[in-house]
Amino acid sequence: MRDPIIPVSYGDIDGDGKVSSFDVVLMRMYLDDKISFNELQTEYADCIKDGAVTSSDLKALQRYVLKIYDSLPYE
């Protein structure tokens, strides 16, 4: 279980402190069953806060990286 004091960094799947195209690549790989996420990565990848990591999260993450969306999580 995560420390409740640390805020969730939606989209920062690799944990490097920023959301980038590499996070998009990781999510694509996850959705294609090429890699698995740990509990924290799963929480960070849920960019629309619906409790699951799906193609909708990938779309939101891509739009955030392209600066179409101003923030994550996108609701």
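In the predicted model, once neighbours within four places in sequence are set aside, Asp-23 is in contact with Gly-11, Asp-12, Ile-13, Asp-14, Lys-18 and Leu-61. Asp-23 itself is found in helix H1, which covers residues 21-31. Although Asp-23 is buried, this residue has no salt bridge; the nearest side chain of opposite charge belongs to Lys-18, at a distance of 8.3 Å, and because a salt bridge requires a side-chain nitrogen of Lys or Arg within 4 Å of a carboxyl oxygen, a separation of 8.3 Å does not qualify. A polar atom of the Asp-23 side chain does, however, lie 3.0 Å from the backbone nitrogen of Asp-14, and Asp-14 is also one of the residues listed among the contacts of Asp-23.

Two of the contact partners of Asp-23, Ile-13 and Leu-61, reappear in the largest nonpolar core, which has 14 residues and in which Ile-13, Met-27, Ala-45, Cys-47, Ala-60, Leu-61 and Leu-72 have the most contacts. Helices H1 and H3 each supply at least two residues of this core. Leu-72, one of the residues with the most contacts inside the core, is in contact with Tyr-10, Gly-11, Cys-47, Ala-60, Leu-61 and Tyr-64 when its neighbours within four places in sequence are left aside. In soluble globular proteins, nonpolar side chains tend to be buried together.

Val-53 is placed in the loop between helix H2 (39-45) and helix H3 (55-65). With a relative accessibility of 14%, Val-53 counts as buried, because the cut-off for that class is under 20%. Beyond the neighbours within four places in sequence, Val-53 is in contact with Met-27, Tyr-30, Leu-31, Thr-42, Ala-45 and Asp-46; of these partners, Met-27 and Ala-45 are among the residues with the most contacts inside the largest nonpolar core. The C-alpha atoms of Val-53 and Glu-43, which are ten residues apart along the chain, are separated by 8.4 Å.

At the level of the whole protein chain, three helices and zero strands are assigned, and the elements run α-α-α from the N terminus on. Of the 75 residues in the chain, 31% are buried, while the accessible surface comes to about 4900 Å², with 51% of that surface belonging to carbon and sulfur atoms. Among contacts with a separation of 6 or more, 52% are accounted for by residues 24 or more positions apart.

Terms used
Residues numbered from 1 in each chain as written. Predicted model: local features only at pLDDT ≥ 70, side-chain atom pairs only at ≥ 80, totals over all residues. Heavy atoms only, no water. Helix = DSSP H or I, 4+ residues; strand = E, 2+ residues; numbered from the N terminus. Buried < 20%, exposed > 50% of the residue type's maximum accessible area, 1.4 Å probe, protein only. Lys, Arg positive; Asp, Glu negative; His and termini not counted. Polar contact = N/O pair within 3.5 Å; in protein donor to acceptor, adjacent residues only side chain to side chain. Contact = heavy atoms within 4.5 Å. Core = buried A, V, L, I, M, F, W, Y, C linked by side-chain atoms within 4.5 Å. Areas by Shrake-Rupley, 256 points an atom, 1.4 Å probe, with all protein chains shown as cover.
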